[in-house]
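Visitor: Could you walk me through this protein, one question at a time?

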Amino acid sequence: MSKVDVVLGTFYGDEGKGKIIDYLGGKADVALRATGGNNAGHSIEVDGEKYVFHLIPSGILNKGTLAIIGNGVVVDPKVLIEEINALKEKGKDVSNLRVSTKAHVIFPYHIEMDKMLEENRGNGKIGTTARGIGPCYCDKYERCGIRIEDLYSSRFHDLLERNINNKNKIFSLYNYPQLDVEKIYEEYLEYAKIIKEYVCDTTTLIHKLLKDDKKIICEGAQATLLDIDFGSYPYVTSSNPTIGGIISGSGINAHDIGEVYGVMKAYSSRVGAGPYVTEQDNSIGDTIRELGHEYGATTKRPRRCGYLDLVALKYAIEVNGITSLCMNHLDTIGKLDKIKLCVAYERNGERTTEFTTNEEELLSSTPIYEEFEGNFGDISKIRNREDLPDKALRYIERIEEFVNVPIEFLGVGAGREEMIHEKKLIKRR
Ligand code: IMP
């Protein structure tokens, strides 16, 4: 491991980051989340027990691993406490949890605002997770946000009162119910007491740990095409789930980052609205959804499904500096008779391999596919890449050849062990 390794999503989230984080996390001293909030969700099965994480880095399951929620995360303390309690009920030790003093706090007005804004978007709905993420980041950048450290300050009541009074004015314009300052104040004072033992200056802590030669794994949330800058705006989340967000959301410097793992599936999926060039809104998409159990971990929504898009993958690699790929669900795509792989777009009568985040250009891009044979058979017991059927090898080697990055991890089944780990060295640019 390098000092800091990073795991990021390459498409629209739900690529199966949890599985790879679980695998790599065992080697790390620290597991870190730097962006997003409880809009994320990944489930992990350990010793027959299922754990669903929305906020706490899943690395906390590894004994002795410090789990850090960095300054870039937006924290709903109610959800955090529920997660802490759920872990404790399963006999897990949470004393290794740390939460940044500088993380912004999600309040009920953020959640109400998220729902209200979405209801009023008419045809332009984003399909947010309604967890208050966007409005909380809005307040952060508007500079009226309340940070974890403010919960312990004598200014807390005044800050909250000012914010709720302002939000109530907006709510009344939309005929939304008014929120009660005192009720929320009392509720959050209670939360503050419960989480106090975990709160600290995580940036200073991270640098102390790095000096002591500790290894950090950064658990990315959401994914590249949901990035507020690099995703398909406005159908994105409100943070930077790309490499820059790891740095600004933790205080880790670029110099300390080693491997950047890009997680993907052998096909693609998306929850929420927005353009999606390789979507199969037909029986093929339905088949992929059922075979891959493509239903949201956070909202349970059925995911839109489609073929793998190498134009978008190349873009994610460029934006993040991905050094290794982790491809899940090779077994799932291998159940189709024929597999298609998008190797270019046709836009305005021209063939291109350049991705675009412009909505109109994306909507007018038609995928150009290469076709591969499916029906790989049962590959779940295979642990060496060379033992894969030729049909499967042809598919993965074409992907590597196109993007010029090795697929280091290959998921061949849902189980923790059902993975091929092999770094096949191919020449990088
Ligand atoms: P928000 O992050 O709740 O504001 O939602 C904005 C968009 O990002 C919506 O399309 C969500 O479905 C999507 N989104 C947010 N978090 C995730 C995630 O963890 N996985 C997949 N999609 C997500």
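Here are some questions and answers on the whole chain and on one of its helices.

Visitor: How many helices and strands does the protein chain have?
Guide: The model in front of you is predicted, and the elements are counted along its protein chain. Both kinds of element occur in this chain, which has 13 helices and 20 strands.

Visitor: Why is the chain said to be as compact as a globular protein of that length?
Guide: For 429 residues the globule rule gives 22 Å, and that is the value to set beside the one computed for this chain. The two are close, so the chain is as compact as a globular protein of its length, with a radius of gyration of 22 Å.

Visitor: What share of the residues in the protein chain is buried?
Guide: A residue counts as buried when its relative accessible area is under 20%. Among the 429 residues of the protein chain, the buried ones make up 57%.

Visitor: What span does helix α2 reach from its first C-alpha to its last?
Guide: Helix α2 covers residues 77-89, which is 13 residues, and at 1.5 Å a residue the expected span is 18 Å. The span in the model is close to that expectation, at 18 Å.

Visitor: Which helix is included in what covers the buried residues of α2?
Guide: The buried residues of α2 include Val79, Leu80, Ile81, Ile84 and Leu87, and Glu83 is also one of them. Their cover includes strands such as β4 (49-53) and β5 (66-69), and it also includes a helix, α6 (181-195).

Technical notes:
Residues numbered from 1 in each chain as written. Predicted model: local features only at pLDDT ≥ 70, side-chain atom pairs only at ≥ 80, totals over all residues. Heavy atoms only, no water. Helix = DSSP H or I, 4+ residues; strand = E, 2+ residues; numbered from the N terminus. Rg over C-alpha atoms; globule rule 2.2 N^0.38 Å. Buried < 20%, exposed > 50% of the residue type's maximum accessible area, 1.4 Å probe, protein only. Expected span 1.5 Å × (residues − 1). Contact = heavy atoms within 4.5 Å.
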